[in-house]
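Colleague: I am new to this structure and should like to learn how to read its features. Could you take me through them in turn?

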Amino acid sequence: MNQLLKIAVLLGLLSASGAQAQDKSFAPPFDFPLTFSGNFGEIRANHFHGGLDFKTGGVSGKPVRALADGYVSRIRVTHGSGYVLHVTYKNGYTTINRHLSAFVGEMARRVEDLQYEKESWEVDITPSPEEYPVHTGQVIALSGNTGYSFGPHLHLDLIEDETGESVDPLPFFKKNVRDHTAPRAQGIMLFPQRGEGVVNGSQKPQSFPLKPKKPVTAWGLVGIGIRAYDHMEGVSNRYGVHTVVLEVDSQEVFRSVVGRFSDEENRYINSWTYGQYMKSFIDPGNHLRMLHASNGNRGLVMIDEERPYRFTYTLSDALGNTSKVSFTVLGKRMEVKPVQHREKYTLHWDKVNVLQEPGLHLVIPKGMLYENAYLDYAVRADSGDIALTYRLNDTNIPLHSYCDMSIGLRRMPVADTTKYYVAGINRRGKKYYVGGHYEAGRMKVRIRELGTYTVAVDTLPPVLTPVNPKNWGGNGRIVLKAKDKETGIRTYRGIIDGHYALFGKPNSINDNLVCELKHARIEKGKTHRLEMTVTDACGNQTTEFYDFTW
């Protein structure tokens with residue numbers, strides 16, 4: 001199948017998908033006007049934003065309603081997404097409602113009973129289709145701010161049952177959404193291909209305003225990218241752009257359509273984007289289906305004539321609002337220097353790569369890199385360090401999945417091998433926990449980016465701090481702050497009067513451990529003793545005791 005036929009088939013599928021969305025509308029999840037703090041496919045760290053974030057007026061507890069007839073297919077509590085409810089509908093789609101503040105009715109009781117049975121805040125229930133049927137408009141949960149959430153809202157994912165893929169929910173609510181505002185561009189970036197192109201005398205990516213004061217010159221093979229956001233009237237939020245089309249001299253060379261993706265495609269966002277810029281070309285190892293190049297060169301542009309090249313972007317949102325922006329690049333003959341780099345530190349995107357250095361072993365399977373990587377490798381040996389510090393590259397290079405790495409230990413100041421861990425080092429020189437386990441003089445770990453790594457040891461236990469303990473009884477709420485300087489809190493367990501008490505992290509941003517005393521299953525009107533134990537990722541443990549009256 002040739003390239004043009006492939007594009008025609010893909011566009012036909014996207015068109016059919018859009019028509020299907022129009023045919024299968026949903027009732028809104030709320031009984032007030034719909035506005036959003038985030039849309040489908042927004043650029044996030046290592047992933048696309050998978051759904052719509054509905055605003056709830058800055059408060060929790062708004063009734064969340066069923067979008068159609070169906071049934072509750074899964075009930076979860078997690079540290080990442082908080083209270084989560086999956087609802088499968090009869091039209092072939094399942095929604096995932098995240099960051100809820102509460103379940104309702106029998107579901108709430110069932111979750112709490114299982115939390116006590118498993119002695120765990122995090123639980124997962126898969127009911128049968130007959131247990132919790134729902135009907136259009138029925139209240140199924142309350143909105144909230146639980147899990148990894150920066151404010152009250154409802155995150156709604158829409159999953160196509162047949163494929164298991166995430167699809168854009170917005171077209172299903174078109175009649176409930178007021179939006180006549182088109183996306184707006186903010187800047188352009190040019191990407192001269194290493195050893196094949198040059199921009200303004202440099203082979204490094206360069207950003208430009210939409211109307212640069214000086215001519216932008218280029219020669220050879222160049223890619224282009226755009227920073228742009230969508231907007232809606234009545235709110236100040238900015239959103240991701242649904243469709244981006246690039247034309248060069250009136251001929252389309254690239255388009256991206258952020259309408260659906262699978263879990264396996266999520267990390268391709270690291271290849272498609274450069275910061276907040278969306279590339280209008282495709283790296284050779286990027287198989288993201290929402291990207292389509294029509295010029296037979298992955299969307300890259302060959303500038304080989306001394307003349308102006310006219311680039312035109314057309315930006316559209318999911319509801320059809322459209323804007324255009326144009327940009328001129330002047331073809332100017334310049335020297336394009338060939339790539340000069342040690343083969344040992346050149347990683348190839350289409351091969352298995354093995355990096356073997358004294359004390360370091362790294363295997364990168366084929367398919368993990370999106371393009372060839374030219375490592376800025378260096379090693380540092382500081383006296384007294386447990387292991388050498390290996391800089392694989394000065395800026396982190398994302399990998400599509402985990403790869404195996406091991407680092408040899410130079411010295412072992414602590415006999416207990418569980419206290420050692422592989423540490424990443426950020427650009428400020430600060431260490432952060434990566435993980436790993438000890439085996440025969442080495443720390444073995446799986447990494448998802450090529451950065452800077454070493455081995456560290458953690459023997460310090462976490463610190464527990466009660467938050468306003470005099471108010472626990474009056475508020476009916478115990479709050480503790482658990483902190484660990486090095487490897488982070490891995491587990492926690494609360495016991496009141498000798499029995500398990502349900503503590504959780506309702507909001508993972510503030511990381512507080514919280515127990516709602518009405519759910520603690522203890523006798524009211526007396527003094528109680530709390531025993532709280534927290535353990536970090538290296539097994540260091542702290543136990544504290546507190547007395548309170550409730």
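Modeller: Let us begin with one residue pair: Val 379 has Tyr 390 in S32 as its bridge partner. The strands concerned, S31 and strand S32 (residues 389–391), pair in the antiparallel sense over three bridges. Helices (H or I, at least four residues) and strands (E, at least two) are DSSP runs, numbered from the N terminus, and two strands pair if DSSP finds at least two bridges between them. This is a predicted model, in which local features need pLDDT of at least 70 and side-chain atom pairs count only at pLDDT 80 or more, while totals for chains, interfaces and linings use all residues. Residues are numbered from 1 along each chain as its sequence is written, and side-chain values use heavy atoms, with hydrogens and water left out.

Colleague: In what order do the strands of the open sheet of five strands stand?

Modeller: The order is S31-S32-S38-S34-S35, and the pairing is antiparallel. At the edges stand strand S31 (378–380) and strand S35 (431–435); each has a single partner strand, so one side of each is left without a neighbour in the sheet. From one strand to the next the twist averages 30° (axes are lines fitted to C-alpha atoms, for helices over the stretch in contact, and angles run from 0 to 180 degrees between N-to-C directions).

Colleague: Which strands form the open sheet of three strands?

Modeller: That sheet has the order S5-S12-S9, again with antiparallel pairing. Strand S5 (63–65) and strand S9 (102–103) are at its edges, and because each has a single partner strand, one side of each lacks a neighbour in the sheet. S9 is joined by two bridges to strand S12 (residues 139–142), where Leu 142 is the bridge partner of Ala 102.

Colleague: How should I read the side chains along strand S29?

Modeller: In a regular strand the side chains alternate between the two faces of the sheet. In strand S29 (residues 360–364), Leu 360, Leu 362 and Ile 364 point to one face and are buried, whereas His 361 and Val 363 point to the other and are not. Buried means under 20% relative accessible area, exposed over 50%, and partly exposed in between (1.4 Å probe, protein chains only).

Colleague: Which strands pair with S29?

Modeller: S28 pairs with S29 in the antiparallel sense over five bridges, and Ile 364 is the bridge partner of Asn 353. The hairpin of S28 and S29 has two residues between the strands, and there Gly 359 takes a positive phi near 85°. S29 also pairs, antiparallel and over four bridges, with strand S33 (residues 397–408); the bridge partner of Val 363 in S33 is Asp 404.

Colleague: How many salt bridges are found in the whole structure?

Modeller: Side chains of opposite charge can pair when their charged atoms come close. The search finds 26 salt bridges (a side-chain nitrogen of Lys or Arg within 4 Å of a carboxyl oxygen of Asp or Glu). One of them joins Glu 265 and Arg 289, with the closest N and O atoms 2.8 Å apart. Glu 265 lies in the loop between strand S20 (260–261) and helix H3 (269–272), and Arg 289 in the loop between strand S22 (277–279) and strand S23 (291–293), so the pair ties together parts that are 24 residues apart in sequence. Glu 265 is buried at 6% relative accessibility, while Arg 289 is partly exposed at 37%.

Colleague: Where do Glu 357 and Lys 344 lie?

Modeller: Their side chains meet in a salt bridge (2.8 Å, N to O). Glu 357 is in strand S28 (residues 353–357) and Lys 344 in the loop between strand S26 (322–331) and strand S27 (346–347), so this pair ties together parts 13 residues apart in sequence. Glu 357 counts as buried at 10% relative accessibility, and Lys 344 as partly exposed at 40%.

Colleague: Is His 231 buried or exposed?

Modeller: His 231 counts as buried, at 13% relative accessibility, and is found in the loop between strand S17 (217–229) and strand S18 (243–248). Its side chain and that of Arg 184 are joined by a polar contact of 3.4 Å. A polar contact is a pair of N or O atoms within 3.5 Å; within protein, one must be able to donate a hydrogen and the other to accept it, and residues adjacent in sequence count only if both atoms are side-chain atoms.
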